[in-house]
Amino acid sequence: MANVTDLQTKYSKLAQEYSKLRAQNQVLKKAVVDEQANSASFKEQLKQRDQSLRKQEQEMDSLSFRNQQLAKRVELLQEELASKADSPSQHGLETQSVFDEDLQKKIEENERLHIQFYEADEHHRKQEAELTTRLQELETDSGQHQAVVDGLTTKYMETIVRLQSDKARFEVKAHTLEREAKECRMRTEECQQQLRRCQSELNRQVKQSSSVIQEKVPFNDTKFGDYNSLNVPPHNRRHQLKARDVAGQALSFIQDLVAALLNFHSYTEQRVHIYPLDSSIEPISPLNQKFSQYLHENAAYVRPLEDGFLQLHQSITEDTVTVLETVVKLKGFADNFSSYTGFLLKILPYQLKSLEEECNTPLCTAALNAKNQELQSDMKRVTSVFEKLQSYIKLLALPSVRQDAMPQSSTSAVFTQLAACLHSLHDVIKEMSKHYNQKASFEQELPTITQKLCTTTECLLGSLGSLTSSTGKIATFFSNNLDFFTSSGYSPRGSTVALNPLQAESMLANKKKAAAYIHAIKQGRPQSVPYRDALSNRRVLTSSTESREGLTQQVHQSQEKIARLEQEKEHWLLEAQLGKVRLEKENQRIADLEAQLAAPVGGSPNSQPAADGTLSESHEEAEEEQQAEGRESALCTSLVGMLCTTPTVEHGGDEESREQLIKTHYMARVGELTTQLQISDSKAVHFHSECRALAKRLAIAEKSRETLSEEVKLANQNVTRLQDELTTTKRSYEDQLSMMSDHLCSMNETLSKQREEIDTLKLGSKGNAKKNKGR
């Protein structure tokens, strides 16, 4: 319900934001319309300017025409003056002066008009260029504004569509969540009812157990640690199976390690015989001879490691108790590991001296010398790590030898240090393998290198690689199972005292007794004859003593006959085997004779089929005899069948009826028991199938619960993501709106300035027109 309320709140917020966005969109649309109206007014003003320019051009044309007329008139006057220059007079001089003054005024006025016309033309051109540039800028800004508005409109429409789809999806999800919430409430109610039933049942059991403890248990020894330590702890079968599995894995790793160590020591011995001196050509140094002799004994120290751990693995079974105090075979493995560590300490000086001897050879380069020194340090480190491992393994083997040899609190520390030593061993072996590889690459460049040495070196590098792999696997395996090694596994209830070997032995003995007791009480009692039937058949049973004795005698006779027939069967089986052997010999002899006859004659094609037919007939006869003996023994060994099929001729009348009654009674009992057994088997199968179905339903329910929880998490994540997106979109819209508002303000200011400039230009053009008209 809380999720549904949150979704409704989010929907209301989204609606409010949508209404705000619509209002802001209307404002933007209005601003766009105003901008379009201003652009239209600017276009109209431009048209008016064009008209005024055309008028001024017409006036300029008329002025130029008048100017041309005046120029022609001046020329005419000048010609008249030239014609009248021959007859000068006072009147002519006055007229000439008047014309000269008038001409001078006209010339000055014409110059002034030309200057004004040129200035007006230049000013008009400048204004026209400025207004054209301004108009282009305004049109560009208007196009950009229109594109921005169109983009915002498209974005708003996409946002609206997306929000509507999100709203629909959230509504569907809200309905789904409501339905799931109802189902969860129903499940919660069912679980609460089950919890109440379980609580009531547990309370009843607690009361019953408390009453039993108060009435039947006179003394509770689990309250006191000293007494509780004497109690036998329960047998942890899961811990035993885990210990068995871990020991098996460790055995496989130990076998790989033993194989790698054997190969490493053997190939090292071969290398000593080859380099720096080849023993097949000249004798090697006494040091290398002694070193080779010690290396030849490596199997006597390495093989016991595998044998000791194999005995340790075989001692861990399901019926034993596996703790440090009871694993006696660990002492043997520790002793074998100590002997191998002593072997490493014994051969270490010879290894170092052998490497020094390689360094002293004339062809040993500086790089090879450096690698030999690194190998010397690696071998020292390997030996020291094996000494540390020997110490920790000895410590782990002490509790099985002597009680209280190592406190329980120190066990986890020993195992942890052992894991660290195994990792150190892996690192050291890896370093030594790397240095050997580098050394082998340097040795390949020597001129005296032989193929035998190359092959031995490759084998040695392969053994080092397998040794690195096996030590890495052992270190990883030990680290992964460190928690199991440090866990106690066995301890009395409510006590932290470790299990000692005596407690382990008593626990196993009590387990066997308890298993035998449970097996004894689980044996079903044979079903008895009802009391009324027993009373009614008392006379029959009393009178059937003779018939019982007769049946007993028949049983003894039948058993003797069966034993005799078994002896005869064994005799005839032996005879059949002997006959088969004789037949094979005879067939072989016949085949040899036929082959001898076929050599001069050319062979007989019908001889082999005849032999085969004889052999098959003998086999068929033997099989028929064995089947007849089997049928006879089957008839003889079935007691019930013998009772049913063998007629009794010793008694007649009542005795036969009594025997028939006994047979009928026992056969009916056998049928009843068979029916009950079949019913029990069917019930067990039915219960087993029901349990499997319930387990599957439980697993399916758990999976569905996990999937639903994952879906709820994903829905919450989506809601959070949508909230973040909505907040981001809101902020971006607010920023865009503020930017658009600022831009609109600047545009309004620019438009007002343009209007003022246009008004000024209009006033100036009107004044110029008035001046031109006045002139």
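This short talk walks through the charged side chains of the structure above, salt bridges to begin with and then a patch of negative charge.

Before that, please keep in mind that this is a predicted model, in which local features need pLDDT of at least 70 and side-chain atom pairs count only at pLDDT 80 or more, while totals for chains, interfaces and linings use all residues. Residues are numbered from 1 along each chain as its sequence is written, and side-chain values use heavy atoms, with hydrogens and water left out.

Let me start with the pairs. Side chains of opposite charge can pair when their charged atoms come close. Taking a salt bridge as a side-chain nitrogen of Lys or Arg within 4 Å of a carboxyl oxygen of Asp or Glu, a search of the whole structure finds 17 of them.

One of these joins E443 and R271, with 2.5 Å from N to O. E443 lies in helix α9 (residues 411-443) and R271 in helix α4 (residues 237-274), so this pair ties together parts that are 172 residues apart in sequence. Helices here are DSSP runs of H or I with at least four residues, numbered from the N terminus. Are the two partners buried or exposed? E443 is buried at a relative accessible area of 3%, and R271 is likewise buried at 5%, where buried means under 20% relative accessible area, exposed over 50%, and partly exposed in between, with a 1.4 Å probe and protein chains only.

A second pair is K346 with E297, at 3.9 Å from N to O. K346 sits in helix α7 (residues 329-359) and E297 in the loop between α5 (286-296) and α6 (298-315), so the parts they tie together are 49 residues apart in sequence. K346 is partly exposed at 29% relative accessibility, and E297 is partly exposed at 32%. Returning to E443 and R271, salt bridges that share partners join these two with E358 and K439 into one network.

Now to the surface, where E130, E756, E757 and D759 gather in a patch of negative charge. Such a patch is made of residues with over 30% relative accessible area and no salt bridge, like charges being joined within 9 Å, and Asp and Glu count as negative. Which helix gives the most to the negative patch? That is helix α18 (residues 654-774), with three residues. D759 is found in helix α18, and at 43% relative accessibility D759 counts as partly exposed.

Methods:
Patch = residues over 30% accessible without salt bridge, like charges linked within 9 Å, V, L, I, M, F, W, Y side chains within 5 Å. Areas by Shrake-Rupley, 256 points an atom, 1.4 Å probe, with all protein chains shown as cover. Charge placed at Lys NZ, Arg CZ, Asp CG, Glu CD. Helix = DSSP H or I, 4+ residues; strand = E, 2+ residues; numbered from the N terminus.
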